[in-house]
Amino acid sequence: EERLGHAIQVRDLADAVHMSPYHFARMFKQSTGQPPHLYITWQRMDRARELLAQTMLPLAEIASRVGYQTQAHFTGVFHARVGITPRAYRVRWNQ
C-alpha cells in the first residue's frame with residue numbers, strides 16, 4: 001500500500017518472500033483469486049477513489065500518487081475498472 005505510487009514488479013514481490021516470480025504469481029492468485037498485477041491495479045483504483053472523494057487534488061497528481069505516469073493512462077484504467085471517468089466520479093461523489 002505504501003508503494004502504490006511506484007512501479008511494483010512481480011519479481012520484486014517474489015524476491016521479498018524468496019520465491020521465483022512464477023511460483024509467487026501462482027501462489028498469489030491461488031490465495032487471493034487474482035493475479036498480482038490485477039490486485040495492484042484494484043488497490044490503486046481504491047486509493048484513487050479515496051483521493052477523488054476526499055481531496056481536490058488535480059487528476060494528474062492523483063494519477064502520479066497511485067502509480068501512473070500520465071493522467072491519460074490513469075483515466076483509461078480508471079474508466080475501464082470503475083466504469084466512469086475520474087472526473088465524473090469526483091462530480092458524482094461531491095453532489
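From the N terminus on, the elements of this protein run α-α-α-α-α-α, which amounts to six helices and zero strands, in a model that is predicted. The C-alpha trace spans about 45 × 20 × 20 Å along its principal axes. Buried residues account for 27% of the 95 residues, and the protein exposes about 6400 Å², of which carbon and sulfur atoms supply 52%. Among the contacts between residues at least 6 apart in sequence, 49% join residues that are at least 24 apart.

**Aromatic residues**

A search of the whole structure finds six aromatic pairs. One of them is formed by F78 and Y89, whose geometry is edge-to-face, with 5.7 Å from centre to centre and 75° between the planes. Since F78 belongs to helix α5 (residues 71–82) and Y89 to helix α6 (residues 86–93), the pair ties together parts that are eleven residues apart in sequence. Both F78 and Y89 are buried.

How are the rings of Y89 and W93 arranged with respect to each other? Their planes stand at 10° and their centres are 6.4 Å apart, so this pair is stacked. Y89 and W93 both lie in helix α6, four residues apart, about one turn of the helix. Their accessibility can be read against the cut-offs: Y89 has a relative accessible area of 15% and is therefore buried, whereas W93, at 51% relative accessibility, counts as exposed. Y89 and W93 also belong to one aromatic cluster, which is formed by Y68, F74, F78, Y89 and W93.

**Charged residues**

The count of salt bridges in the model comes to three. They are listed below with the separation given for the closest N and O atoms or, for R47 and E50, from N to O.

| Salt bridge | Separation |
|---|---|
| D46 and R49 | 2.2 Å |
| R47 and E50 | 2.9 Å |
| E61 and R65 | 2.8 Å |

D46 and R49 both lie in helix α3, three residues apart, about one turn of the helix. R47 and E50 are also three residues apart in helix α3, so about one helical turn separates them. E61 and R65, by contrast, are placed in helix α4 (residues 59–65), where they are four residues apart, about one turn of the helix.

As for accessibility, D46 is partly exposed, with a relative accessible area of 31%. R47 is partly exposed at 32%, and its partner E50 is partly exposed at 37%. In helix α4, E61 counts as partly exposed at 31% relative accessibility, as does R65 at 42%.

What surrounds R44, which is buried yet has no salt bridge? This residue lies in helix α3 (residues 36–54), and, leaving aside its neighbours within four places in sequence, R44 is in contact with L4, H6, A7, I8, V66, G67 and Y68. The nearest side chain of opposite charge is that of D12, 10 Å away, while a salt bridge requires a separation within 4 Å. Y68, one of the residues in contact with R44, is also a member of the aromatic cluster.

**A nonpolar patch on the surface**

V17, M19 and M27 make a nonpolar surface patch of about 220 Å². Of these residues, M27 has its place in helix α2 (residues 21–32). With a relative accessible area of 32%, M27 is partly exposed, and this value satisfies the requirement that residues of a patch have over 30% relative accessible area.

Terms used
Residues numbered from 1 in each chain as written. Predicted model: local features only at pLDDT ≥ 70, side-chain atom pairs only at ≥ 80, totals over all residues. Heavy atoms only, no water. Helix = DSSP H or I, 4+ residues; strand = E, 2+ residues; numbered from the N terminus. Buried < 20%, exposed > 50% of the residue type's maximum accessible area, 1.4 Å probe, protein only. Lys, Arg positive; Asp, Glu negative; His and termini not counted. Contact = heavy atoms within 4.5 Å. Patch = residues over 30% accessible without salt bridge, like charges linked within 9 Å, V, L, I, M, F, W, Y side chains within 5 Å. Areas by Shrake-Rupley, 256 points an atom, 1.4 Å probe, with all protein chains shown as cover. Phe/Tyr/Trp six-rings, centres within 6.5 Å; stacked < 30°, edge-to-face > 60°.
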